[in-house]
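Okay everyone, thanks for coming. I'll put the structure up and then walk you through a few spots.

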Amino acid sequence: MQKKWKRVMAAACTAVLAVTAAGCGSTTNSTTPKGNTAEEKAITYQFLRNSGIAEYPADGGEARKVLTEAAAKAGVKGVDFVAQQAPGDDYNTKLNLLASSGELPDFFDIDALTLSRFVEQGLVQPIDEYLKAAPNLMKLIPQHYWEQVTFDGKIYALPNGLREEAFNSPNVGSILIRQDWLDTLNLKAPTNLDELYTILKAFVNDDPDQNGKKDTFGFSGTKLSRFNSIFGAYGVIPNFWIERDGQIKKGFTLPETKQALALLQQWYKEGLIDPDFPVMESKQLNEKIINSKIGLFENDAYLVDPKANPTSEALNKTTPSSKLVLIPPPKGPEGKSGTPQVNAVAAAPLRALSVNAQDPERLFRFLNWFVDDSEGGGFNLALYGIEGTDYTYDKEKNLITQTTSYADLYKKGYNNPIRMAFITDRRWTTEEVRAAIEVASQNVIPNAFWKTVPAELDYPDLETKLWAEYFVKIVTGVWPIEKFDEFVEKYYQQGGTKIEQQANEEWKKVK
C-alpha cells in the first residue's frame, strides 16, 4: 500500500506546478512562520475519498493546476493535492489497511463509528486549533453539527456544511403524490389522516389512471421504509430518541407507535397499502412509480422536477400527463405531523486529519479558500468549473446552470471527487424543487440524541431485526396489534434497558 501511494505521488510530481516540485511527497512541515506562505515549502496533500467516479483522472486533470494557481493567487501558496478514491466497502477495506500500516493519507473521508475507533487508537488528531485558520468553514457549518464529532471536548472531524439559502436545508423528504390522479378524481391533496384515508381508497378503487382496471395502489414503500409520515402524525419517529418527562426513549417503545401501527394494519387489511412493500427493493418501487401503479410514496423534493431525477424523468416519458407534487405530512388526531429530521452530519462522509498530516494549519487555510464564494475564492471554481466555460450564473435568480456535463466536469477534475470540504449548494435547482424543499423542511420531527452509545453496538439486532420483524408482521396482520407490547418487553429485556440508560447519561451531558 505504501508503494502504491509513492507511485501515485511520483506520477503527480511530474505533472504538477513547479512550486510543488521541491516538496512532492514530503512529510516535513514548514519551518517558516505561519502566514509567510511565500517562503513555505511546497506540499502535496494526500486526500482519500469514499467515491467511485470513474471519469476522475488519477493526476487530478486540468482542474488541479487551475485550482492550485488560483489558491496561490489568493495567498495560499505552495499547496498541491492528490485525490485518490475507492467506493463503498472497498473504501473501508483500503482505509483500514492504510491505518494498520501507518500510511493514512493526510485528510480522508470517515464515518462516525470508524472515527470513534480511530480516535481511541490515536490515528487522528483534533482540529480545533486549525479551525482558527478557517473562518469560512466555521460560518458554513452549524454549531450543533460539531457535537457529533467531539470527543472529550475536542473536535476530531470536519462535518458537512450548508449555504444559508432555505433550499439548502438537509430536510428534503416528505410524501409525493400523483397530482394528475387527484385532478382526475376531482380531489384535493390531503392535510390529515382522515383525508389521506379517503384519497387512498379513491386511488385503489376509482381507477385514477383511467385504464378501466383495478391495478393501482395507494401507499407504497420499500422493505427499508417505515411509513414515517404516518408515525409522524402521532408525534414520533420509531428509531428516533424522543424526549418524555425529562428523559429520552426510543420512539418504537412509546404508545403513540402502537396507535400508528394499528392504523397501518387497518389500511393494509383494506388493500390500501402495496402488499409488496415488506420485500421490495428501491429498484422495484421505482418501476411501479414509473408504470403508474403507485399514488403516494415517501421520497425527496427532486422528484417534482422530471429533469432532476431519473425516476420522475422516466415516469414523465411513460405518462407525459403525470405530475408529482410534494405535500406536507398529514396531521394526526392531535394535530401533530412531521417527517424524520435528517442527520446532516451523517448524510455525507466526515473528514478526518491523520495524526501524521503535513502542515495541518496550511491545509485548513486551503480548505478555507476552497469554500470561499467571494471574488478570488475557490467555491464556485471547485464545484462548477470555470464560469462562462463550464457554467453560467444568474445573480438575480441565484441560479447556476451547468453547461458542461457532470461526466465531463469530473474528467476535468472538478466537483465531487475533490470536495474535501462538503458544503451543500443547490443553486442549480429549479424554483419548483426549491419550493418543495421549503415545504419538506418546515415539517420535521427532531431526533433528541444523535450519538451512538456503546450498548447499541453490543445489541445491534434490536433495531435492525427485532423491531423490523414486529413492524412488518403487525402491519401485515400476521400478528395482532397487541403484539406490540411484547416487542417493547423484549426490547428492554434483550439490551434496551442498557441502551436507554447510556443514551440518557450522554444526552444529559450534551443538554
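So, to start: at what angle do the axes of helix H8 and helix H10 cross? Roughly 15°, and the axes come within 12 Å. Before I go on, this is a predicted model, where local features need pLDDT of at least 70, side-chain atom pairs count only at pLDDT 80 or more, and totals for chains, interfaces and linings use all residues. Residues are numbered from 1 along each chain as its sequence is written, and side-chain values use heavy atoms, with hydrogens and water left out.

Helices here are DSSP runs of H or I, at least four residues, and strands are runs of E, at least two, numbered from the N terminus. Axes are lines fitted to C-alpha atoms, for helices over the stretch in contact, with angles from 0 to 180 degrees between N-to-C directions. H8 covers residues 193-205 and H10 covers 255-269. The pair is therefore roughly parallel, a label for angles under 35 degrees (over 145 is roughly antiparallel, 65 to 115 roughly perpendicular, the rest oblique).

Who meets whom? On the H8 side we have Leu193, Leu196, Tyr197 and Leu200, and on the H10 side Leu263, Gln266 and Trp267. Contact means heavy atoms within 4.5 Å. Those residues divide into six nonpolar, one polar and no charged. For that split, Ala, Val, Leu, Ile, Met, Phe, Trp, Tyr, Cys and Pro are nonpolar, Asp, Glu, Lys and Arg are charged, and the others, Gly among them, are polar.

Staying in H8, look at Phe203. Is Phe203 buried or exposed? Buried, with a relative accessible area of 0%; the cut-offs are under 20% for buried, over 50% for exposed and partly exposed in between, using a 1.4 Å probe and protein chains only. Leaving aside neighbours within four places in sequence, Phe203 is in contact with residues including Trp181, Pro208, Phe217 and Leu296. The C-alpha atoms of Phe203 and Leu272 are 8.4 Å apart, with their positions 69 residues apart along the chain.

Next, Thr222, in the loop between strand S8 (217-220) and helix H9 (228-232). Thr222 is buried too, at 12%. Not counting residues up to four places away, Thr222 touches Phe277, Met280, Glu281, Ser282 and Leu285.

One more helix: in H14, residues 360-370, 11 of 11 residues are buried. Glu361, Arg362 and Arg365 are among them.

Zooming out, we have 20 helices and 18 strands, and 53% of the 511 residues count as buried. The C-alpha trace spans about 75 × 55 × 40 Å along its principal axes.
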